Each structure stands twice: as C-alpha cells, then as structure tokens.
Amino acid sequence: MRSSPSLSLKVPLFVLSVVAGGLLAAGCHRAVKPELGPDRTVEAGVPVEFGSAQEGAPDVTWDFGDGTPTQKGPRVSHAFARSGAYAVRALDGTTEVGRAQLTVVPRPLLRAIPEDATVAIYMPRLRGSVEPLVDFFERFVGQDMARRQIEEMPLLPLALRSLKGEATPVDPEEGFGLFSVPAFQGAVMLLGVTEGQAALDSLVRELESKGHPVERRPDGSARIEMAGVEPVTAFLDRGYLYLAMPQKEEAQEGETVKAATSSPDAEVLRKAVAGFTGPGLSESPLLTQLRGKVAEGSLYTFIRFPEKQGAGVFPGFMSSLRTTEGRVELDGFMPATKPLLDGKQGPLPALLDKAPLGPVAVAMMSIPPSEMASMLLGAPGSPQRTEALESWRQQGVDAEALLGAVRGDVTLLVYFDAPAFYRNFLGNKRPEPRGSVLLEAGLTNSAPVVAALNKAFEKGTWNVERSQEKGATRFRMRVMEQPLVLTVAGDRLSLQAGEALDARPRGNVGASLQERFGSSAFGPSHLSLMVDMGRLRAEMDAPEQVPGIPQAQLSAAKAIGGAFLDQLPPFDHAFLDFSPEEGGARLRGRIMLRTP
C-alpha cells in the first residue's frame with residue numbers, strides 16, 4: 001500500500017521541526033548561561049559581581065566556595081573575607097552550569113585610602129610590624145604606662161589581640177593606618193578585617209565596656225561618644241573598619257572665622273570613602289616617586305603639601321621607620337622643584353674642629369647667610385620681609401646689617417660636670433644640673449653684632465660688665481646664678497655659660513660625631529642634633545672622689561642620682577640630621593635604648 005504524498009512530507013517536516021527546536025533550545029540555553037567571568041585574582045573584602053543584569057539571565061544558585069551561605073538570583077555581589085583560592089559555582093538545582101576559579105589576596109591598605117589623602121601614616125602589614133614597635137614603646141615609657149596608653153587608643157587593642165593568637169576578626173596580614181582628606185576636618189583610622197560586622201561588633205563591645213555610649217545606626221555604622229572629643233563614627237567599607245574622628249576648628253577670641261573648606265561631619269567622610277573607586281592612594285604619582293626614595297620600614301608617613309604652603313617648591317614628604325631590638329631608625333626624603341639652599345653650600349662650622357671632648361648634646365646648623373635671612377625675615381622684597389625689618393627697626397636694630405654680618409654656621413655644645421653636680425646636690429639639697437654650654441656663630445663683620453648686643457643690654461635689668469680685650473668685645477653677666485660670657489671677635493661670636501672647661505682635653509669633636517653618625521653629619525649645609533644620655537650616665541657614675549665631699553656622702557649621692565636617672569626614659573642616645581640631596585632633602589634619625 002502506497003503512502004500518500006502528504007504523509008510522506010509531514011514525517012520529515014516533523015523530524016526537522018523537532019531537531020530545529022532542539023537546536024534553538026540549545027542556542028537559547030547558551031545565550032543565557034550564567035556569567036562568571038574568567039579565572040582571576042581579586043582582593044579580600046572587595047565585592048565581586050557574578051551573573052548578569054540583562055533580561056533573560058538565568059536565575060541560578062551561587063556557591064562561592066568559602067563556606068558562606070549560597071545566594072540565588074540572576075546577578076549577585078559577594079566579598080571574600082579571607083585570602084585563599086575559591087571555586088565559584090553556578091548551580092541549576094544540583095547541576096553545575098558554570099564555574100570560575102578566584103584567587104583572593106589581601107587588599108593593600110593604600111588601596112583603602114582615597115587618592116586625595118593629604119596625610120597618611122600606615123603599616124602595610126600588621127604582623128611583623130606592630131610587635132617591635134610596641135616592644136620599643138614599652139621599654140621606652142614603661143610596660144604599665146604603654147599598656148594604658150595603647151588600651152585608650154581605638155582599634156589598636158583589637159589589632160594586638162589578633163597578633164597574640166586570639167580569635168578576632170582582624171586580618172594580621174593586612175594593614176593599619178591613619179589618614180586625612182580635604183573633604184573631612186579630622187583624622188581617620190582604618191584597620192584591615194576578615195569579617196566586617198564581627199569587627200565592628202568587637203569594637204563596640206570594647207568601647208562600651210570602657211563606659212563610652214554607643215549608638216548603633218540602621219545603616220550599619222556606629223556613633224561613639226568619647227570624653228573631650230567630638231563623637232566619632234565607625235563604619236565598614238570593602239574589608240576595612242574605619243573610624244572617623246572629627247575635629248572642629250574654633251576661632252580664638254578676636255579672630256575672624258574663615259570660610260570652611262572641609263566638614264567635621266563624619267557622613268561626608270563616609271560617603272567619600274564609599275564612593276571612591278580605583279587604586280586609591282596606592283598609585284598616587286607623588287607617593288610612588290617618594291616610596292622609592294626611602295628605606296624599607298614597618299611604619300611609613302606620607303604628606304602632600306598644599307601648594308600655597310610649599311610655594312610649589314616642596315610637593316610632599318615621605319619617611320620610613322624601622323624598628324629592631326632597642327633601636328628605631330628614621331629615613332625621610334622631601335623632593336624639591338629647585339635646588340635646596342639655592343644650590344649653595346653652607347660654611348664649615350669651625351668650633352667642632354677643636355672643642356672640649358665629651359659633650360652630652362650637640363646641635364649644629366650650616367646654611368648660606370642669604371638663605372638664613374630668607375628663613376628668618378622672608379624672601380627679599382616680600383611683604384613678610386618688609387614687615388619684619390620694620391619691626392626690628394622700631395626696636396632700634398638694623399636687621400639687614402645684622403644678618404648680613406652672620407656667616408651662616410651656628411654650633412651648640414652642652415657638657416655635664418659631675419663633681420659640680422654632686423657638690424651642689426649635697427650642699428643645697430637640690431638635684432640641679434651642672435655643666436657648661438658653648439655656642440659659636442661665624443661672623444663676617446662684628447660691628448653690627450656688637451651694636452645689637454649693646455642695644456639689647458640697655459633694656460631690662462641686665463647687670464652686664466662690658467670690656468674690650470685683644471680685638472674682642474666681651475659681655476660678662478650671671479644667668480640663673482651661673483656665669484655667662486659673650487665674646488664678639490672679628491670672625492665669630494662665642495658664648496660660654498656655666499662651669500669652666502679648662503680641665504677637659506680638646507680634640508676634633510666633629511670627626512668623632514661623623515664616625516658615629518655618618519661622614520656627612522655635622523658638616524656644611526647640614527642641620528644636625530645629638531643627645532647622648534649614655535655619656536651623661538657614665539659621667540655621673542665616674543667620680544671616685546670629689547674634693548671636699550666625704551666618700552660615704554659621695555656614694556649616697558651617686559646612688560640617688562642613679563635612681564633618679566632610672567626614672568627617665570631609658571634611651572642611650574638620639575640623633576637627627578637634615579641635609580640637601582640631589583632632587584630634594586634627606587632626613588635621618590635614630591633613637592637607641594640603653595642596654596638593660
């Protein structure tokens with residue numbers, strides 16, 4: 001029996017329609033496949049988008065692979081609290097319909113600070129950075145006082161507990177810092193956390209336990225009342241806990257209130273933090289430039305100078321602080337758009353070449369005289385200079401002539417005299433310091449200096465004896481019951497106050513300082529400072545006998561003096577040096593604690 005032509009045609013058409021329908025269905029399924037994106041690296045705490053907002057996007061279940069509850073929807077956002085590798089899956093029922101591998105890394109602290117920050121003090125990583133600083137601080141001020149002060153600081157106790165191994169929502173691999181931005185009048189503290197809400201809850205409990213009233217707000221933030229300061233606001237953003245600490249500027253009596261360019265309202269700051277995108281401060285051209293100029297450290301300071309303050313010459317400053325056992329070292333750099341000191345070199349300080357040995361403190365400045373005049377009076381022709389010159393003229397002093405007579409080097413040395421200290425202590429029962437102060441400033445012309453000193457001593461109740469000796473003018477007086485002699489010679493002004501130094505041997509003090517602190521320190525064009533408590537302790541302990549003092553009394557006085565020194569911060573010495581360098585200026589510093 002033959003089939004009808006219509007039936008023969010219907011069968012293939014039916015088959016084709018089924019096949020076409022299947023292909024269309026398959027094609028439509030591919031078009032609405034969940035969008036997970038490629039395998040990639042993301043930052044902890046930063047929300048990641050999965051899926052699509054387009055019409056027809058599949059409504060699936062999302063498993064993020066980090067132990068958090070699944071979410072359902074065509075498009076979701078999820079922030080990974082901790083670093084690690086996670087497989088994100090899209091599920092249709094129990095069937096996996098998409099997968100992406102995400103590597104989650106800590107969010108760098110500088111990416112959590114807005115790019116327009118004017119000041120940032122930060123630790124890129126808590127672990128390995130906080131512990132040596134806290135140890136140094138405890139040794140410097142005492143363990144009990146250090147703990148009290150640390151406990152009074154918000155966020156820091158929470159960070160320290162995480163480093164001690166306690167279960168806290170703080171991520172020790174992330175950072176801690178403080179910054180300011182133009183929009184907010186105040187300071188902002190931030191701390192990297194693994195679980196934001198848990199971190200905020202911990203902070204609130206800690207502050208409430210100390211008696212600070214806390215208001216929890218519907219938007220998730222918290223307002224904290226703290227004695228003596230404006231209320232602070234704590235809030236969360238992309239893996240960091242922020243604490244906004246407002247500071248209102250109040251005009252002093254008689255001052256005109258200036259138009260505000262920023263607000264102490266914490267909500268202004270919160271919106272600025274939540275709204276900024278991109279890499280934040282981490283890719284700031286100025287910070288990138290400066291970061292390569294300073295040594296590695298655990299604590300960094302970055303400052304962006306407003307153009308009106310730096311006059312466009314100094315755009316910013318950056319320093320690093322490195323802490324090892326009993327030692328803190330500072331390395332800083334300030335770039336300049338033109339050579340510092342106008343490219344001139346300061347004069348060589350002469351006093352250090354041959355001075356009494358053993359100073360317990362030294363300060364030295366070497367700067368070209370024209371630059372010194374600009375620093376003190378203002379730039380030539382400026383309103384500031386005109387006003388300063390007029391003020392000095394009304395006092396009867398020709399400031400231009402006086403500064404023109406200065407060579408540009410000033411050196412100060414301080415000495416301790418242990419025998420004189422013990423004689424005074426046992427005689428007057430007062431532990432007053434005893435020693436000597438030497439000061440020397442180079443001159444190019446002594447006449448304006450002598451005239452200015454004569455004018456100054458005419459006023460007040462100075463009891464000054466003036467004499468002319470061998471081409472030098474001397475002014476003798478007593479200050480705080482100590483003799484003081486000012487000598488103005490042709491090329492220098494010198495001052496000596498306190499005990500006589502004739503018994504001390506003389507030598508090249510500058511060479512010994514440079515051997516200790518670097519070959520360029522205490523040299524031309526430098527501003528250098530040193531305080532040596534180790535030497536002071538040694539000199540107090542040195543006298544085995546003092547004429548006129550019985551041995552038993554001397555031993556008792558030495559014991560009392562040693563006990564008094566033990567109450568002071570136990571640092572051995574401190575050093576600071578500022579000098580021009582190619583492209584700007586270098587700041588170096590050191591504090592060394594005494595070995596127990």
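## Charges across the chain

For the charge count used here, Lys and Arg are taken as positive and Asp and Glu as negative, while His and the chain ends are left out. With that in hand, the protein chain of this predicted model carries 63 positive and 71 negative charges, and the mean positions of the two sets are 2 Å apart.

## How far to trust the model

Let's look at confidence before going into detail. The protein chain has a mean pLDDT of 87, and 92% of its residues reach 70 or more. Strand β15, residues 299–304, has the highest confidence, at a mean of 97, while helix α1, residues 5–31, has the lowest, at 42.

The start of the chain calls for some care. Over residues 1–31 the pLDDT stays under 50, and the model has one contact beyond four places in sequence for this stretch. Where pLDDT is low, predicted coordinates should not be read in detail.

## Overall build

The protein chain contains 16 helices and 29 strands. Its C-alpha trace spans about 150 × 65 × 50 Å along the principal axes. The radius of gyration is 35 Å, whereas a compact globule of 596 residues would have one near 25 Å.

Of the 596 residues in the protein chain, 42% are buried. Among contacts with a separation of 6 or more, 63% join residues 24 or more positions apart. The accessible surface comes to about 31700 Å², and carbon and sulfur atoms account for 56% of that area.

## Around helix α12

Two residues in this part of the protein chain can be read together. Asn 424 lies in helix α12, residues 418–428, and Arg 430 is found in the loop between α12 and β21, the latter covering 435–443. Asn 424 has a relative accessible area of 9%, so Asn 424 is buried. Arg 430, at 39% relative accessibility, counts as partly exposed.

The two residues also touch. Not counting residues up to four places away in sequence, Asn 424 is in contact with Lys 429, Arg 430, Glu 432 and Arg 434. Seen from the other side, and leaving aside neighbours within four places, Arg 430 is in contact with Asn 424 and Phe 425. For a sense of distance, the C-alpha atoms of Arg 430 and Leu 351 are separated by 33 Å, with their positions 79 residues apart along the chain.

## Phe 305, just after β15

Phe 305 sits in the loop between β15 and α8, which covers 307–310. A relative accessible area of 27% falls between the 20% and 50% cut-offs, so Phe 305 is partly exposed.

Leaving aside neighbours within four places in sequence, the contacts of Phe 305 are Phe 314, Pro 315, Gly 316, Phe 317 and Met 334. Gly 220 is 85 residues away along the chain from Phe 305, and their C-alpha atoms are separated by 35 Å.

## Two buried residues and their partners

Ala 399 lies in helix α11, residues 399–404. Its relative accessible area is 2%, so Ala 399 is buried. Beyond neighbours within four places in sequence, Ala 399 is in contact with Leu 377, Leu 389 and Trp 392. Ala 373 is 26 residues away from Ala 399 along the chain, and their C-alpha atoms are separated by 9.1 Å.

His 212 is placed in the loop between α5, residues 196–209, and β11, residues 214–216. With burial set at under 20% relative accessible area, the 19% of His 212 counts as buried. Leaving aside neighbours within four places in sequence, His 212 is in contact with Leu 207, Ile 224, Glu 225 and Met 226. The C-alpha atoms of His 212 and Glu 225 are separated by 5.7 Å, with the two residues 13 apart along the chain.

## Positive phi in two loops

Here are two backbone details to look for in the structure. Arg 238 has a positive phi of about 45 degrees although it is not a glycine. Arg 238 lies in the loop between β13, residues 232–237, and β14, residues 240–246.

Phe 522, also a residue other than glycine, has a positive phi near 55 degrees. Phe 522 lies in the loop between α14, residues 509–517, and β27, residues 527–532. At 3% relative accessibility, Phe 522 counts as buried.

Technical notes:
Residues numbered from 1 in each chain as written. Predicted model: local features only at pLDDT ≥ 70, side-chain atom pairs only at ≥ 80, totals over all residues. Heavy atoms only, no water. pLDDT = per-residue confidence, 0-100. Helix = DSSP H or I, 4+ residues; strand = E, 2+ residues; numbered from the N terminus. Contact = heavy atoms within 4.5 Å. Rg over C-alpha atoms; globule rule 2.2 N^0.38 Å. Buried < 20%, exposed > 50% of the residue type's maximum accessible area, 1.4 Å probe, protein only. Areas by Shrake-Rupley, 256 points an atom, 1.4 Å probe, with all protein chains shown as cover. Charge placed at Lys NZ, Arg CZ, Asp CG, Glu CD.
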